[in-house]
Amino acid sequence: MYDIMQKTGELSLNGDCDENIIKLGTALSCKTRLELLRLVNSTPMTITELSRRLFISTSATLFHVKLLEDARLVRTDYIAGKKKDTRLIVSDIRVFSLDLAPPPVVCETKKEQLSFEMPIGLYTDAYYENRYGIVLENGRMLNDIFAPERINAYIFWVDRGYAEYEFPCSFFKEKRVTELYFTLEICAEAPQYRNDWKSDITFSVNGKELGTYTSPSDFGGKRGKLNPAWWSDDFTQYGQLVKVAVTKHGSYINGMRVSDVTLDKLGMNDTAKCTFRVENKRSADNAGGFNLFSKRFGDYEQDIIMTAVCETEI
């Protein structure tokens, strides 16, 4: 036997359901359909039973049921019988509410990218364990890691240690940043070059470690596309372009999620600065140093680029 103790529900329509409100209005605009609703709210009924109680034809009953179904006021259930299924018209709705307040306004946004390029030699702090190199034009090397001329470096390396860069935040301070990322050409560092020399390079922003990238090589044996003629074939030639991203979901290196550090954990709103650190730690499994390439060296015509992806309402 069909269980008439159905759960009763509430149908709620608001200002962003115009089509459903129109269907509801149509369904309730006829006395016959109102009477039909009252009947099936008391107990499920077949089409034949409804036709007899409403004193209308079967086809007319089907018409009215269809309009009520479109308005989600009734439903049709089928009960298996010996010869054929029995169709029952059922209503779960005892209460409905209508809210004509306009739907919330969804603001359209546009994305823009704001970038700042930092020379590889313009670090604010650096450390090396045993050796470093800063090469200027015509192969001249600096003997002071903090010499002012370092801003003109073609290539910069340390055997193990770090370099920190202070990027300005003022150019995107008043905007809603959804992604912050850094791109740089980098590889491991060995004397001359070694294609089998690995290095674990850790990236941090404002003291928060984002993740570690393992460079597979200190690349050599093939000249870098941008390398000047005075650079010897016996030395490091090029690196790989690495993208370090921080979003509201976490941190990524070359598209791979590496940590839970999100934008709101970087504290840029509090300090108005963005300190980006490149580091090969003494404790790294592959303590192989790093080379950084400028826009005039290696394979990629860029220094270190910070890009803020911002959203603004339009």
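Biologist: How many bridges join strand 3 to strand 4?

Modeller: Quick heads-up: this is a predicted model, where local features need pLDDT of at least 70, side-chain atom pairs count only at pLDDT 80 or more, and totals for chains, interfaces and linings use all residues. Residues are numbered from 1 along each chain as its sequence is written, and side-chain values use heavy atoms, leaving out hydrogens and water. Strands here are DSSP runs (E, at least two residues; helices are H or I, at least four), numbered from the N terminus, and two of them pair if DSSP finds at least two bridges between them. Strand 3 (residues 75-79) runs antiparallel to strand 4, and the number of bridges joining them is five.

Biologist: Which residue of strand 4 is the bridge partner of T46?

Modeller: Strand 2 (residues 45-46) pairs with strand 4 (residues 86-90) in the antiparallel sense, over two bridges. In strand 4, T46 has as its bridge partner L88.

Biologist: Are helix 3 and helix 4 roughly parallel or roughly perpendicular?

Modeller: The axes of helix 3 (residues 47-54) and helix 4 (residues 58-70) come within 9 Å and cross at roughly 105°. Axes are lines fitted to C-alpha atoms, for helices over the stretch in contact (heavy atoms within 4.5 Å), with angles from 0 to 180 degrees between N-to-C directions. Angles under 35 degrees count as roughly parallel, over 145 as roughly antiparallel, 65 to 115 as roughly perpendicular and the rest as oblique. So the two helices, 3 and 4, are roughly perpendicular.

Biologist: Which strands are the edge strands of the open sheet?

Modeller: Five strands form that sheet, antiparallel, in the order 7-10-17-12-13. Pairing on one side only are strand 7 (125-128) and strand 13 (208-215).
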